[in-house]
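Thanks for coming. I will take a few minutes to walk through one structure, so please have a look at it on the screen first.

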Amino acid sequence: YATEIGAVMLNAAFATFNVHRVAAQCAPENAGSIRTLEKLGLQRDGLSRDTTFARGRWWSSTLYQLIK
């Protein structure tokens, strides 16, 4: 359901709210999230290393963006 919900949200962002850019983050090892973001047309824009400390370890974030 994530892809379908994401498509509705992207449509609302661009058509209803007239935003210029949509950004999303996920853990680099989260293959399911990466696959969903890429299906929605977002492109990988970068990697931020060790940005969040949680559950006893540092986590990195991969940034994805889609421009109107």
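**Fold, sheet, turn and pocket**

The chain has two helices and three strands as its secondary structure. Please keep in mind that this is a predicted model. Going along the sequence, the pattern reads α-β-α-β-β. If you put a box around the C-alpha atoms along the principal axes, that box is roughly 40 × 25 × 20 Å. The chain has 68 residues, and 26% of them count as buried.

Now the sheet. It is an open one made of three strands, ordered E1-E3-E2, with antiparallel pairing. E1 and E2 are at the edges and have a single partner strand each, so each of them has one side without a neighbour in the sheet. From one strand to the next, the twist averages 25 degrees.

Let me take the two pairings in turn. E1 pairs with E3 in the antiparallel sense, over six bridges. Within that pairing, Val22 has Leu66 in E3 as its bridge partner. On the other side, strand E2, residues 43-54, and E3 are also paired in the antiparallel sense, and here there are eight bridges. Trp58 in E3 is the residue that stands opposite Phe53.

E2 and E3 also make a hairpin, with two residues between the strands. What is the phi of Arg55, which sits in that turn? The value is positive, near 50 degrees, and Arg55 is a residue other than glycine. Arg55 counts as exposed, because its relative accessibility is 74% and the cut-off is over 50%.

There is another residue to list under the same topic. Asn18 is not a glycine either, and its phi is positive at about 55 degrees. You will find Asn18 in the loop between H1 and E1. The relative accessible area of Asn18 is 52%, so Asn18 is exposed.

Next, the charged contacts. How many salt bridges does the structure hold? There is one. The partners are Glu29 and Arg57, and their closest N and O atoms are 3.0 Å apart. Glu29 is in the loop between E1 and H2, while Arg57 belongs to strand E3, residues 57-67, so the pair ties together parts that are 28 residues apart in sequence. As for Arg57 itself, a relative accessibility of 36% makes it partly exposed.

Last item, the pockets. The largest pocket has a volume of about 180 Å³. Which elements give two or more residues to its lining? They are helix H1 (2-16), strand E1 (21-26) and helix H2 (31-39). H1 gives the most, with four residues. By class, the lining of the largest pocket divides into nine nonpolar residues, three polar and no charged. If you want to select them in your viewer, the lining residues are Ala2, Gly6, Met9, Leu10, Val22, Ala23, Ala24, Ser33, Thr36, Leu37, Leu40 and Leu42. Val22 therefore turns up twice in this talk, once in the lining of the largest pocket and once as the bridge partner of Leu66 in E3.

To recap: an open sheet of three strands, one salt bridge, and a largest pocket with no charged residues in its lining. That is what I have; I am happy to go back to any part.

How values were computed:
Residues numbered from 1 in each chain as written. Predicted model: local features only at pLDDT ≥ 70, side-chain atom pairs only at ≥ 80, totals over all residues. Heavy atoms only, no water. 1 Å grid on protein atoms, 1.4 Å probe; cavity = no way out; pocket = protein on both sides within 12 Å on 5 of 7 lines; lining within 4 Å. Points joined across faces, edges and corners; volume = space filled by probe spheres on them. Nonpolar A, V, L, I, M, F, W, Y, C, P; charged D, E, K, R; others polar. Salt bridge = Lys/Arg side-chain N within 4 Å of Asp/Glu carboxyl O. Buried < 20%, exposed > 50% of the residue type's maximum accessible area, 1.4 Å probe, protein only. Pairing = 2+ DSSP bridges. Axes fitted to C-alpha atoms, helices over the stretch in contact; angles between N-to-C directions.
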